[in-house]
Amino acid sequence: METGFSGVVRVDLEGGLSLEQAHGYAHRGWGIRNEVDTVLGIASGTKGVIALTVMSLARDALLPLSAPARTWLGDDLPLIDDRVTVEQLLGHTSGIGDYFDEEALGDIDDYALAIPVSDLSTTAAYLPILAGHPMVSEPGERFRYCNGGFVVLALLAERAGGADLPELVATRVCGPAGMTSTAFLRSDELPGGVASGYLEGFDGLRTNVLHLPVRGGGDGGLYTTAADVRAMWEAMFSGRLVGPEAVEAMVRPRSDVPELRRRYGLGFWLHATGDQVILEGYDAGVSFFSVHQPSTSSTHTVLANTSSGADPVHRFLVELLGF
């Protein structure tokens, strides 16, 4: 299959590594190729890690799922209904308005943010663009994918957990899971071994540094490796991160999303009929899929440093592997 793919592919079947390949360039200008341990962005794949962080705080009674978000928001974001709960934010049923509404987006490579991306380096910095969006439905009424909801979750997690989001993710998820190459990095100071994200339809050298928040938050912006993604799935389903009951709650279907032939739990997409658990991300210069099948402990993961490169490879693997 010829796709011009740039990124990393990893397949683990029945608990063992079966395939690990890298293609394309991490840095086109310098001719630096992607390697299997190259660190790449995962866009909305970040939401699964945020969900695990929130569930960890809930386990410690710091951020109960049934609690109103207003408990930690105080006077911030007054248009969020006082009845909205942590659990509704995790399941995309809060009904809050979205600062980055994917249903209203044009081309993914457009300049979509309303403020300079250099301003968005902390979770609190999102407050101006989270504000001013009225509720779009009653809390708990229906599923509506909401990027802003996960930024609000990040804000709640910081206030309940007493630390900034990168530290919470590092101590509550990445450390216990052995995800040694995963972090929130600034796109304007990427270290060696990290791939730049490239836009499509330009001269081939234009990166996404002016398109996305300079440092990601609750709804995206995490950088990781294929091996670390596999480590996350293993740690999650072994119960090392939040315990079996919390994992069961996260992968229990809460909403049917028939237009995507999927269901949704808490922070994770679910297969329409099978037991597969899915993370995906799609943004300017970034695309990502990872599918884990708990019944066989099998995973396939595709990380790409282009806007849509992961999708055809993921579809090929689904057809080839059957999950």
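This report walks through the fold of one predicted chain, from its overall shape to a few strands and two residues.

Local features here need pLDDT of at least 70, and side-chain atom pairs count only at pLDDT 80 or more, while totals for chains, interfaces and linings use all residues. Residues are numbered from 1 along each chain as its sequence is written, and side-chain values use heavy atoms, with hydrogens and water left out.

## The chain as a whole

Let us start with the broad view. The chain has 9 helices and 13 strands; helices (H or I, at least four residues) and strands (E, at least two) are DSSP runs, numbered from the N terminus. With a radius of gyration of 18 Å, close to the 20 Å that the globule rule gives for 323 residues, the chain is as compact as a globular protein of that length. That radius is taken over C-alpha atoms, and the globule rule is 2.2 Å times the number of residues to the power 0.38. The C-alpha trace spans about 50 × 45 × 35 Å along its principal axes.

How much of the chain is buried? Of its 323 residues, 54% count as buried, meaning under 20% relative accessible area, with exposed over 50% and partly exposed in between (1.4 Å probe, protein chains only). About 13400 Å² is exposed by the chain, and carbon and sulfur atoms supply 51% of this area; accessible areas come from the Shrake-Rupley method with a 1.4 Å probe, and for residues only the protein chains shown count as cover.

Contacts (heavy atoms within 4.5 Å) often link distant parts of the sequence: among those with a separation of 6 or more, 65% are between residues 24 or more positions apart. As for charge, the mean positions of the 22 positive and 41 negative charges are 3 Å apart. Lys and Arg count as positive and Asp and Glu as negative, while His and the chain ends are not counted; each charge is placed at NZ of Lys, CZ of Arg, CG of Asp or CD of Glu.

## Strands that pair

Two strands pair if DSSP finds at least two bridges between them. The table gathers several antiparallel pairs.

| Strand pair | Bridges | One facing pair |
|---|---|---|
| Strand 1 (residues 7–13) and strand 2 (residues 16–23) | 7 bridges | Leu13 and Gly16 |
| Strand 1 and strand 13 (residues 298–304) | 6 bridges | Gly7 and Ala304 |
| Strand 11 (residues 277–283) and strand 12 (residues 286–293) | 7 bridges | Ile278 and Val291 |
| Strand 12 and strand 13 | 7 bridges | His292 and Thr299 |
| Strand 5 (40–41) and strand 7 (residues 222–224) | 2 bridges | Gly41 and Tyr223 |

Some of these pairs are hairpins. Strand 1 and strand 2 have 2 residues between them, and Glu14 in the turn has a positive phi of about 50 degrees. Strand 11 and strand 12 are also joined with 2 residues between them, where Gly285 in the turn has a positive phi of about 75 degrees. Between strand 12 and strand 13 there are 4 residues, and Ser297 in that turn has a positive phi of about 55 degrees.

Strand 5 belongs to an open sheet of 3 strands in the order 5-7-6, with antiparallel pairing. The edges of this sheet are strand 5 and strand 6 (183–184), each of which pairs on one side only.

## Strand 12 and its surroundings

Strand 12 is worth a slower look. Because 8 of its 8 residues are buried, strand 12 is largely enclosed by the rest of the structure. Val286, Phe288, Ser290 and His292 point one way, and Ser287, Phe289, Val291 and Gln293 point the other way. Strand 1 is mostly covered too, with 6 of its 7 residues buried.

Val291, found in strand 12, is buried at 3% relative accessibility. Not counting residues up to four places away in sequence, Val291 touches Gln276, Val277, Ile278, Ser298, Thr299, His300, His314 and Phe323. The C-alpha atoms of Val291 and Thr301 are separated by 6.5 Å, and the two residues are 10 residues apart along the chain.

Which helix holds His314? His314 sits in helix 9 (residues 310–321), and at 9% relative accessibility it counts as buried. Leaving aside neighbours within four places in sequence, His314 is in contact with Phe289, Val291, His300 and Val302. Phe289 and Val291 are among the residues pointing the same way from strand 12.
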